[in-house]
Amino acid sequence: MKNTVNNVSIDVLIKNKSVQQFTKDNKYFIIGYENENFELILKNDNSFRVLAIIGIDGLNTIDGNQNTKDSPGFVIERYGKIHLKGYQINDNECASFKFVCKNKSYSTEKLAQSAQNGVISVDIYKEYEKSEPIIKEKEIRLLVGSKNK
């Protein structure tokens, strides 16, 4: 499955192969079988960096809390990509993304009930660029004098 949001492509992989996607009523669907692991690849085709906030079943993939627009995300370099294999546990480990029944999902354990079960959400934000003045603080002295003829 390859979707593109703001020139960032989102691909879901199962066994290192891109998954076929189906569309109905402007919603995208994929088929996954119980206990099957999946991975995500996000590729930024922009000339600027982006922030990708990713949620699986309503949980943020970095901190495991409920995913919101203020959740932590991944900075993807210009023309760069990231490959996610699971929920981030620390800098070196992750817990695999896995298709499971709703009552066995990590989000059901953590949130009790989530309207986002079965949803992979990706919010993309352009990097904020602080505008710099063209001329930085500079002292300009005017010299006043007389013309000699």
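Three aromatic pairs are found in this predicted model, where rings of Phe, Tyr and Trp (its six-membered ring) pair if their centres lie within 6.5 Å. Planes under 30 degrees apart count as stacked, over 60 as edge-to-face and the rest as tilted. Here are two of the pairs:

| Pair | Centre distance | Plane angle | Class |
|---|---|---|---|
| Phe38 and Phe97 | 5.3 Å | 20° | stacked |
| Tyr87 and Phe97 | 5.3 Å | 75° | edge-to-face |

Let us start with the stacked pair. Phe38 belongs to strand β6 (residues 37–44) and Phe97 to strand β12 (residues 94–98), so their contact ties together parts that are 59 residues apart in sequence. Strands here are DSSP runs of E with at least two residues, numbered from the N terminus.

The edge-to-face pair brings in strand β11 (residues 86–88), home of Tyr87; Phe97 lies in strand β12, so this pair ties together parts that are 10 residues apart in sequence.

How accessible are these rings' residues? Phe97 is buried at 0% relative accessibility, Phe38 is buried at 4%, and Tyr87 is buried at 11%. Buried means under 20% relative accessible area, with a 1.4 Å probe and protein chains only.

Together with Phe99, the residues Phe38, Tyr87 and Phe97 form one aromatic cluster.

Another ring has a charge for company: Lys126 lies over the face of Phe48, 4.6 Å from the ring centre. For Lys, this requires NZ within 6 Å of the ring centre and within 35 degrees of the ring normal.

A note on conventions: residues are numbered from 1 along each chain as its sequence is written, and side-chain values use heavy atoms, leaving out hydrogens and water. In this predicted model, local features need pLDDT of at least 70 and side-chain atom pairs count only at pLDDT 80 or more, while totals for chains, interfaces and linings use all residues.

Definitions and conventions
Helix = DSSP H or I, 4+ residues; strand = E, 2+ residues; numbered from the N terminus. Buried < 20%, exposed > 50% of the residue type's maximum accessible area, 1.4 Å probe, protein only.
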